[in-house]
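Q: Please take a close look at a single part of this model, the salt bridges, and then place that part in its surroundings.

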Amino acid sequence: MEFIRKLEKYNQFKNIRYQPFFNLMEIIAEGNLKSAVDIWCGTGEQTSILSEKFTDATFLGINASSIYAPNVKATPFLQTQI
């Protein structure tokens, strides 16, 4: 229950947190991205969004905490490491 409460609080400001991510994503040329590492990827949501846009690239999400691991969305191009 504690995790759910914390996750709800974390998601309360999702739009504000995601805006810089979307701004940066728009300036990455699709043909130029081959691989990327997301350090402290949290739930992996943003890394997953990148993997959906840049289908020719591979991604590695690294996080120091396993708390978000059950919520990471796995894709063929996204690996996670805790």
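A: A residue counts as buried under 20% relative accessible area and as exposed over 50%, with partly exposed in between. At 24%, Lys 14 is therefore partly exposed. The model is a predicted one, and the values below are computed from it.

Lys 14 is a good place to start. Its salt-bridge partner is Glu 45, with 2.7 Å between the closest N and O atoms. This pair ties together distant parts of the chain, since Lys 14 belongs to helix H2 and Glu 45 to helix H3, 31 residues apart. Glu 45 has a relative accessible area of 27%, so Glu 45 is partly exposed as well. In general, side chains of opposite charge can pair when their charged atoms come close.

In total, 4 salt bridges are found in the whole structure. Others are located in helix H1, which covers residues 2–12. There, Glu 2 bridges to Arg 5, with the closest N and O atoms 2.7 Å apart. Glu 2 also meets Lys 6 in a salt bridge, at 4.0 Å from N to O. The spacing in the sequence fits the helix: Glu 2 and Arg 5 are 3 residues apart, which means a separation of about one helical turn. Lys 6 and Glu 2 are 4 residues apart in H1, so about one helical turn separates them too. Glu 2, Arg 5 and Lys 6 are thus linked in a network of salt bridges. Glu 2 has 41% relative accessible area, so Glu 2 is partly exposed.

Now the surroundings. The chain contains 3 helices and 3 strands, arranged along the sequence as α-α-β-α-β-β. H3, the helix that carries Glu 45, is part of the path between two strands. Strand S1 (residues 35–39) pairs with S2 in the parallel sense over 5 bridges. From S1 the chain passes through H3 (residues 45–53) to S2, in a β-α-β crossover that is right-handed. One of the bridge partners is Ile 62 in S2, which is matched with Ile 39.

The side chains of S2 (residues 58–62) alternate. Phe 59 and Gly 61 point to one face and are buried, whereas Thr 58, Leu 60 and Ile 62 point to the other face and are not buried.

The loop between S1 and H3 includes Trp 40. Phi of Trp 40 is near 65°, which is positive although the residue is not glycine. Most residues other than glycine have a negative phi. With 57% relative accessible area, Trp 40 is exposed.

Helix H2, which holds Lys 14, spans residues 14–27 and also contains Leu 24. Leu 24 has 53% relative accessibility and therefore counts as exposed. Together with Ile 27 and Ile 28, Leu 24 makes a nonpolar surface patch of about 300 Å².

Values for the whole chain complete the setting. Of its 82 residues, 27% count as buried. The chain exposes about 5,800 Å², of which carbon and sulfur atoms supply 58%. Among contacts with a separation of 6 or more, 49% come from residues 24 or more positions apart.

Conventions: Residues are numbered from 1 along each chain as its sequence is written. This is a predicted model: local features need pLDDT of at least 70, side-chain atom pairs count only at pLDDT 80 or more; totals for chains, interfaces and linings use all residues. Side-chain values use heavy atoms; hydrogens and water are left out. Buried means under 20% relative accessible area, exposed over 50%, partly exposed in between (1.4 Å probe, protein chains only). Two strands pair if DSSP finds at least two bridges between them. A crossover is right-handed if, with the strands pointing away from the viewer, the path from the first strand over the helix to the second runs clockwise. Contact means heavy atoms within 4.5 Å. Accessible areas come from the Shrake-Rupley method with a 1.4 Å probe; for residues, only the protein chains shown count as cover. Patches are made of residues with over 30% relative accessible area and no salt bridge: like charges are joined within 9 Å, nonpolar side chains (Val, Leu, Ile, Met, Phe, Trp, Tyr) within 5 Å. A salt bridge is a side-chain nitrogen of Lys or Arg within 4 Å of a carboxyl oxygen of Asp or Glu.
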